[in-house]
Amino acid sequence: MHTGSTDVVRDVTRECATFVRDETDGLLHVFVPHATAGIAILETGAGSDDDLLALLEDLLPGDDRWRHQHGTPGHGRSHVMPALVPPYATVPVLGGRLALGTWQSICLVDLNVDNPDREVRLSFLPG
């Protein structure tokens with residue numbers, strides 16, 4: 001998945017729903033195998049995704065304070081971010097449909113502008 005050269009919250013709900021559509025009941029596990037990305041479940045499109053990025057910028061400024069110093073200035077914050085937005089989420093599946101709340105979406109959160117390509121791994125555990 002291409003995330004580009006800016007901080008991003010990318011909705012991956014559609015891809016997840018497609019992955020489980022032929023399943024019955026169980027759990028979908030979503031995982032990003034990257035030290036600088038995370039998975040969040042939140043409302044998108046109404047500003048919450050931008051609010052999350054603003055909060056992460058407040059908590060993890062993109063400046064030179066970070067000990068992890070390779071990459072662009074502030075890159076070290078990307079390595080701390082998964083402690084706040086973990087690289088995984090597990091979502092119930094009922095009858096081949098994601099059992100999300102009305103306004104919930106599954107999102108990839110990526111602050112690492114040095115690596116614009118991400119892998120999102122999906123696995124299904126039948127219940």
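Modeller: Two strands pair if DSSP finds at least two bridges between them; strands (E, at least two residues) and helices (H or I, at least four) are DSSP runs numbered from the N terminus. This is a predicted model in which local features need pLDDT of at least 70 and side-chain atom pairs count only at pLDDT 80 or more, while totals for chains, interfaces and linings use all residues. Residues are numbered from 1 along each chain as its sequence is written, and side-chain values use heavy atoms, with hydrogens and water left out.

Colleague: What makes E4 and E5 a pair?

Modeller: The two strands are joined by 2 bridges and run antiparallel. At least two bridges are required, so E4 and E5 qualify. Val93 has Leu98 as its bridge partner in E5. The hairpin of E4 and E5 has 2 residues between the strands, and Gly95 takes a positive phi near 60° there.

Colleague: Which strand is joined to E4 by 6 bridges?

Modeller: That strand is E2, which runs antiparallel to E4. Gly26 finds its bridge partner in Val93 of E4.

Colleague: How do you know which way the side chains of E4 point?

Modeller: They alternate: Ala89, Val91 and Val93 point to one face and are buried, whereas Tyr88, Thr90, Pro92 and Leu94 point to the other and are not. Buried means under 20% relative accessible area, exposed over 50%, and partly exposed in between (1.4 Å probe, protein chains only).

Colleague: Why is Asn112 called buried, and Val113 partly exposed?

Modeller: Asn112 has 7% relative accessibility, which is under 20%, so it counts as buried. Val113 has 31%, between the two limits, and therefore counts as partly exposed. Asn112 lies in the loop between E6 and E7, as does Val113.

Colleague: What makes the approach of Asn112 to His75 a polar contact?

Modeller: The two side chains come to 3.5 Å. A polar contact is a pair of N or O atoms within 3.5 Å, one able to donate a hydrogen and the other to accept it within protein; residues adjacent in sequence count only if both atoms are side-chain atoms. The Asn112–His75 pair therefore qualifies. The side chain of Asn112 also reaches the backbone nitrogen of Asn115 at 3.4 Å.

Colleague: Which residue distant in sequence approaches Val113 in space?

Modeller: Ser5 does: 108 residues separate the two in sequence, and 4.6 Å separates them from C-alpha to C-alpha. Leaving aside neighbours within four places in sequence, Val113 is in contact (heavy atoms within 4.5 Å) with Ser5, Thr6, Asp7 and Thr72.

Colleague: How do you know on which side of H1 the buried residues lie?

Modeller: In H1, Thr13, Cys16 and Val20 are buried. They cover an arc of only 65° around the axis (taken from the directions from the helix axis to the C-beta atoms), which puts them on the same side of H1. The elements covering them include E1, E2, E4, E5, E6 and E7.

Colleague: What makes up the largest nonpolar core?

Modeller: This core has 15 residues, and those with the most contacts inside it are Cys16, Leu28, Ile39, Leu98 and Ile106. Such a core is a set of buried Ala, Val, Leu, Ile, Met, Phe, Trp, Tyr and Cys residues joined through side-chain atoms within 4.5 Å. Helix H1 (13-20) and strands E2 (26-31), E3 (37-42), E4 (88-94) and E6 (105-110) each supply at least two of its residues. E4 gives the largest share, 3 residues. A second, separate core of 13 residues includes Leu42, Leu56, Trp66 and Met81.
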